[in-house]
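Visitor: I'd like a quick tour of this one, with the reasoning spelled out. Can you walk me through it?

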Amino acid sequence: MEGNFLLLFLVLWPMTGGLISYFVGKKDRKIRDYTADFVCLLELATTLYAYKFLGTEFKAAGVCGLGIKFCLDGFRYIYAVIIAFMWAVTTIFSREYLTHHRNRNRYYLYVLMTLGSIMGVFLSGDLYTTFIFFEMMSLFSYIMVVQDETREAQRAAQTYLAIAIIGGLVTLTGLILFYAKTGTLDIDSLSRLKIDKNELYISGVLIFTGFAAKAAIFPSHIWLPTAHTAAPAPSSALLSGLLTKSGLFGIIILSAGVFLHDSIWGFLLLILAIITMTLGAVLAVFSINIKRTLACSSMSQLGFILTGIAMQCFLGQENDLAVRGTILYMVGHSLIKLVLFLCAGVVHMNTHKLNLNDIKGFGRGKKVFMFAFIMGGLGLMGAPLWNGYLGKTLIHESIVEHIHHTAGTLGFMSLSSEKFLFNICEWLFLISGGLTTAYVIKLFVALFIARPSQDMHVKEKYISGINAFLLTFSALLLPLIGMLPYDTGDKISVLGSAFMNAPEHHHFINYFTFANLEGSLISISIGVIVYFLFIKKFLISRENYNYYDKWPAWLNIENFLFRPVIGLILPFIGSLFAKILDLITAGPVTLALSNMSRIKFIKPPEDTDFGFYQDESKNETVGTLLPSSLAYGLMTFAVGLLFVIAFLML
């Protein structure tokens, strides 16, 4: 019984704590900050304690109609700990970062609400519960993006919310179709469905769409670079390290459950993964904004992880390497982006700028900052002895394993064509890893080697003691996991592998043989070459070491595709459809009304005091009981939406 209610506590406590901190903040801001810290630290302590209750469930029948269900297994526990740890670090870090920001009361409220929501996602035991908390998380996290309320932040938040809502509606449609076909949304039952998978592809793709949007998978990646850049750095760390993983969580449920060992599904994922990891790395190479570079990097790294999920489908019962690589890459990327985005936060706290030309040389003489950035950079590059190396090596080896043991898993493709496809995949994997090295070197040179800008004035104490400790501690985890792979990485990956229906027998992996080191060394070598022969030669001025922004402004998928479609084409189609329905129904309705008017004892009431209309003959307005404005319309819509949500919850 204790374990059951512990799961509910992990979801509801942060939300309750958010409300408490909000009302405390009305009286005392300093106590509010410490209240938020306490909420996160208690959440972390409770999450660590929950290890005793692995295998427990919580069910609340009838809630939201179908009921909600929470479970705690190895993978869910791993990510619950990662979530609680990262939230505690970023919340404490925010105290200094947000010192001169407005609306901090609102910020802490929604950050803690988002914490409870994402816990609900990762602890969910069925797709219905996943969807409910996924949508709550999307709405609450909107405030994390728009917090600064600059024009850029508002535009980024608008894009983020549009993608989230459209993706959520598509996913809901898929869930309805899926439930109609299977009669269940229980996650543990998905791999045992006795139904032809061909009948589930349409609903599967629809469900995948919403999760892929949150995971920033091409082509729904457009929100990520702008949202990460506009959001406060602590929020960016959470958006990149955790909220994107909630999308991957949904994709894993589909891939390791509904479409377990399905090569057709794996092929779809692999194509999207290759495009995402390559495009993200290219965008990061061209970017001259430190947070945008890290955001595009996240897009690329999510493509690497999706590659691991795809390989699980191809390798069938021998997918142990792909499963463990996926888990370690997810965990590694979360921790790495925590460190690197907090480093970007240190830069912005002191300079209030993010452009590389404005922050050149900031890191000179700052030992704590340099140590943290180097640890994060080496982890991101996948350098041996750092945590990023483990996941990247296992996924690379899963690709190599499939190349050498492929048996024509794709029925629509010949054996030679399939091997050629996976050889291309392997080289794009290595090249994208090389581009990662290239933009990490670019950032390092800009921060620590280039001469500072003349107008840069940084205080001697550039970071508080508590934040220096948090940054150093988080950075130390990266080499600790990488240098002790059997005591850390292997135990983490084995604990979480059952969630992905991995085989019970696990390969022993010698991470430091030359065959395994070779992939990392090739990528690093490619990165060094790209930096010196392309970035330094074409993207950096030789005279003053200024960085050029040479990415074509017109080559922006959001501006030339998504905004016209969402802002112009879809409204036009909707209004056209409504007009057609109006024309179809106008005749019968008019006929019915004319027949009713012939009945003598019925007298239609006159509208004399309601609404807003004009007497065209006199060109004057009559009746103004209700205001007519966009604000009023939005207010009434919001009130109605609140009643709908209350009805669904109760």
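Guide: Sure, and one term before we start: the expected span of a helix is 1.5 Å times one less than its number of residues. Keep in mind that this is a predicted model.

Visitor: What distance does helix α7 reach from its first C-alpha to its last?
Guide: Helix α7 covers residues 201–214, which gives it 14 residues. At 1.5 Å a residue, the expected value is 20 Å. The helix comes out close to that, with a reach of 20 Å.

Visitor: How many of the residues of α7 are buried?
Guide: Buried here means under 20% relative accessible area. Among those that pass in α7 are Y201, G204, F208 and F211. Helix α7 is largely enclosed by the rest of the structure, because the buried count is 10 of the 14 residues.

Visitor: Which helices do the buried residues of α7 pack against?
Guide: I'd go through the partners by residue range. The buried residues of α7 pack against α5 (127–146), α6 (151–182), α8 (223–230), α9 (233–258) and α10 (263–286).

Visitor: Is A216, just after α7, buried or exposed, and at what relative accessible area?
Guide: A216 sits in the loop between α7 and α8. Its phi is positive, near 60 degrees, in a residue other than glycine. Most residues other than glycine have a negative phi. As for cover, A216 is buried, with a relative accessible area of 0%.

Visitor: What is the omega of the peptide bond from F218 to P219?
Guide: P219 belongs to the loop between α7 and α8. Most peptide bonds are trans. The bond from F218 to P219 is cis, with omega near 5 degrees.

Visitor: What relative accessibility does H261 have?
Guide: H261 lies in the loop between α9 and α10. It has a positive phi of about 60 degrees although it is not a glycine. H261 counts as partly exposed, at a relative accessibility of 25%.

Visitor: Over in strand β1, which residue stands opposite E57?
Guide: In β1 (residues 57–60) the side chains alternate, with F58 and A60 buried on one face and E57 and K59 pointing to the other, not buried. Four bridges join β1 to β2 (residues 68–71), and the two run antiparallel. Opposite E57, in β2, stands C71.

Visitor: What is the area of the nonpolar surface patch that includes L570?
Guide: L570 is in helix α20 (residues 557–597) and is partly exposed, with a relative accessible area of 44%. Patch members need over 30%. Others in the patch include L568, F572, F577 and I584. Together, the patch residues make about 1000 Å².

Definitions and conventions: Residues numbered from 1 in each chain as written. Predicted model: local features only at pLDDT ≥ 70, side-chain atom pairs only at ≥ 80, totals over all residues. Heavy atoms only, no water. Patch = residues over 30% accessible without salt bridge, like charges linked within 9 Å, V, L, I, M, F, W, Y side chains within 5 Å. Areas by Shrake-Rupley, 256 points an atom, 1.4 Å probe, with all protein chains shown as cover. Salt bridge = Lys/Arg side-chain N within 4 Å of Asp/Glu carboxyl O. Buried < 20%, exposed > 50% of the residue type's maximum accessible area, 1.4 Å probe, protein only. Contact = heavy atoms within 4.5 Å. Pairing = 2+ DSSP bridges.
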